[in-house]
Amino acid sequence: MAIIVNLDVAMARRKMSLNELSERVGITLSNLSILKTGKAKAIRFSTLDAICKALGCQPGNLLEYVPDTAETVSEI
């Protein structure tokens, strides 16, 4: 599964730093960094909601699905 997190793109469009987003959302810098680098295994809907409110965006602006190249239709 290849879910790409575009948090850095959304933050750049709003000219918002990780520190500012952390303060607005109430999430630690380390947890936001894990999400931003794509190392997160999951995200709570409440966290996604808070990030979308702070950035004025939709969840689809933050998350993108890119199929793995080795994945076949029969595996899905």
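**Exercise 1. Find which residues Ala 54 touches, leaving out residues up to four places away in sequence.**

Step 1. Take contact to mean heavy atoms within 4.5 Å. With that cut-off, Ala 54 touches Met 16, Leu 21, Arg 24 and Val 25.

Step 2. Look at one of these partners, Val 25. Ala 54 and Val 25 lie 29 residues apart in sequence, while their C-alpha atoms are 6.7 Å apart in space.

Step 3. Place the residue in its element: Ala 54 belongs to helix 4 (residues 45-55). Helices (H or I, at least four residues) and strands (E, at least two) are DSSP runs, numbered from the N terminus.

Step 4. Check the burial of Ala 54: its relative accessibility is 17%, so it counts as buried. Here buried means under 20% relative accessible area, exposed over 50%, and partly exposed in between (1.4 Å probe, protein chains only).

A word on the ground rules: this is a predicted model, where local features need pLDDT of at least 70 and side-chain atom pairs count only at pLDDT 80 or more, while totals for chains, interfaces and linings use all residues. Residues are numbered from 1 along each chain as its sequence is written, and side-chain values use heavy atoms, with hydrogens and water left out.

**Exercise 2. Explain why the structure holds zero disulfides.**

Step 1. Recall the criterion: a disulfide is a pair of cysteine sulfur atoms within 2.5 Å.

Step 2. Start from Cys 52: the closest cysteine sulfur belongs to Cys 57 and is 4.2 Å away, too far for a bond.

Step 3. Add the surroundings: Cys 52 is buried at 9% relative accessibility, and Cys 57 is buried with a relative accessible area of 9%.

**Exercise 3. Work out which residues line the second largest pocket.**

Step 1. Set the terms. On a 1 Å grid over the protein atoms alone, a pocket is an open set of points where a 1.4 Å probe fits, with protein on both sides within 12 Å along at least five of seven lines; lining residues have an atom within 4 Å of a point.

Step 2. List the lining: Ile 27, Asn 31, Leu 32, Leu 35, Ala 40, Ala 42, Ile 43, Arg 44 and Thr 47.

Step 3. Sort these residues into six nonpolar, two polar and one charged. Ala, Val, Leu, Ile, Met, Phe, Trp, Tyr, Cys and Pro count as nonpolar, Asp, Glu, Lys and Arg as charged, and the others, Gly among them, as polar.

Step 4. Trace the source: helix 3 (residues 29-36) gives the largest share of the lining, three residues.
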